[in-house]
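Here is a quick tour of a protein model, taken a few features at a time. Have the structure open as you read.

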Amino acid sequence: MNQRGFARFLLCRECGFVPECPNCSTSLTYHEKGHKLVCHHCGYTAATPATCPACGSPYLKLYGAGTQRVEAELIALIDSFPNVNAPVIRMDADTTKGKGAHQALLEQFASAEAAVLLGTQMIAKGLDFDDVTLVGVINADTQLHLPDFRAGERTFNLIEQVAGRAGRAELDGKVIVQSYQAHSTPIQSAAHYDRAGFLKEELPKRKQLKYPPYVRLADVLIWGKNEGEVQAEAQTVYAALEKHIKDQLGSEWIILPPTPCVLSRLHNAWRYHITIKAPLEADLGGALEPIFRGRKTNKTVNVSIDIDPMSLL
C-alpha cells in the first residue's frame, strides 16, 4: 500500500548506479507504461537508458515491486484458475490522472461480482465496501526507518487503516501483511490491533528525546537554488533564533542547528531546516513572530516556518 513500497527502480549491476532526478536528487521511479523514468516529486521524466549512464554497462536490472508488476503477477495468478473471473483494478498515479477516474475505478470495483483492487496508500482509508474479505499489504515496513520521529506511528496507522477495509459487515475479514521487519513493534501492534502496546514502547522514546506529545515543535525551512546561499542564510536565521530564545524564552526551549533536510534537494532547490522544541504551553507562533517579522528578506533564499509539523523530512 505504501507509495514508495510499490516503486521500482533501475540499478546497474556493475557499479550500483541508480538514476536520479536532476531537480530533486532523488531516485527516479521506473514506469512500465512508456518504458520511462519519472520523479514522483517534481514530475521530471526521462527515457529508460539501454546502458548505465555512469559506467556504460548494459547490465541493468529493475528492483522493487511496482504496481504494474504486481498487477501482472495478480492477473497471471487469477488466470491460473480457469473458473475464476476477477478483474484487477489498479489505482495509482497513472490510472487516476483523468477527471473522474478515481470515482470510476471505485464504481467498477463496487459493481463487480469479484474483483481485486490494487493501489498505493490512496486506498488505505476512507473506503467502505461490505463484501471485502481479504486485504494484503506489500512492503509494510518501507517507511519504518525513515529519519523522522513519526515513522513508526505512520507505519502503525497505515496498517491499521488498511486492515480496517476487510470484514466491515457480516462477512469475516482476513489481513495478510508482508514485511522484512515483522518483529518490529509498529507492525506487530498493528497486526494485533494493539494500540496500547504500540504506545507503551513509543511514548518513552518520545519523552526521552523530547518529541511530541511531550513538547511542541516548529520547523524552519530554508530553501533556494544555490546551496551556499541557502546554508549561509540558514546560519543567519539560526543565530537570530538562538539569541532570541536565550534572551527571551528560557532554557526549556531547545533549538537544533541547521542541517540539510532528508529530501535535501527538491524542485531544483536546496533545502535546510532548523528544528525548535518548546514547552507544551508555549505560544510558538507568537514567541517566534518578532524574528520573522524583523528579518531582512533575501531575494534568492526563501524561509518559512511550520508550527507543529507532521513531518521533518
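## A buried arginine and its partner

At 7% relative accessibility, arginine 206 falls in the buried class. This is a predicted model, by the way, so read every value here as computed from predicted coordinates. What does arginine 206 pair with? Its side chain meets that of glutamate 153 in a salt bridge, at 2.7 Å from N to O. Glutamate 153 sits in helix 3 (residues 151-163) and arginine 206 in helix 5 (residues 195-209), so the contact ties together parts that are 53 residues apart in sequence. Glutamate 153, for its part, is partly exposed, with a relative accessible area of 22%.

The pair doesn't stand alone, either: Arg150, Glu153, Glu202 and Arg206 are linked in a network of salt bridges.

## Other salt bridges

How many salt bridges does the structure hold? The count is 12. One of them joins glutamate 71 to arginine 90, with the closest N and O atoms 3.0 Å apart. Here too, distant parts of the chain are linked: glutamate 71 belongs to helix 1 (residues 67-79), arginine 90 to strand 6 (residues 88-91), and they are 19 residues apart. Are these two residues buried or exposed? Both glutamate 71 and arginine 90 turn out to be buried.

Back in helix 5, glutamate 201 forms a salt bridge with lysine 205, and the closest N and O atoms there are 3.4 Å apart. The two are four residues apart in that helix, so about one helical turn separates glutamate 201 from lysine 205. Glutamate 201 counts as partly exposed at 37% relative accessibility, and lysine 205 is partly exposed too, at 44%.

## Strand 1 and its neighbour

Now for strand 1 (residues 9-12). Phe9 and Leu11 point one way from the strand, Leu10 and Cys12 point the other way, and all are buried. That fits the usual pattern: in a regular strand, side chains alternate between the two faces of the sheet.

Which strand does strand 1 run antiparallel to? That would be strand 5 (residues 60-63), joined to strand 1 by four bridges. If you want one spot to check, cysteine 12 has leucine 60 of strand 5 as its bridge partner.

## Cysteines without disulfides

How many disulfides does a search of the whole structure find? Zero. Cysteine 21 is in no disulfide, and its nearest cysteine sulfur, that of cysteine 42, is 3.6 Å away. A disulfide here needs the two sulfur atoms within 2.5 Å, so this pair misses the cut-off. Cysteine 42 is likewise in no disulfide, its nearest cysteine sulfur being that of cysteine 21.

The two cysteines fall into separate accessibility classes. Cysteine 21 is buried, with a relative accessible area of 2%, whereas cysteine 42 is partly exposed at 27%.

## The largest pocket

Last stop: the largest pocket, which holds about 880 Å³ of space. Its lining has 32 residues, and those nearest the centre are Ala115, Val116, Leu117, Leu134 and Val135.

Which elements each supply at least two residues of that lining? They are helix 1, helix 2 (101-111), strand 7 (116-119) and strand 8 (134-137). Sorted by class, the lining has 25 nonpolar residues, three polar ones and four charged ones.

Conventions: Residues numbered from 1 in each chain as written. Predicted model: local features only at pLDDT ≥ 70, side-chain atom pairs only at ≥ 80, totals over all residues. Heavy atoms only, no water. Salt bridge = Lys/Arg side-chain N within 4 Å of Asp/Glu carboxyl O. Buried < 20%, exposed > 50% of the residue type's maximum accessible area, 1.4 Å probe, protein only. Pairing = 2+ DSSP bridges. 1 Å grid on protein atoms, 1.4 Å probe; cavity = no way out; pocket = protein on both sides within 12 Å on 5 of 7 lines; lining within 4 Å. Points joined across faces, edges and corners; volume = space filled by probe spheres on them. Nonpolar A, V, L, I, M, F, W, Y, C, P; charged D, E, K, R; others polar.
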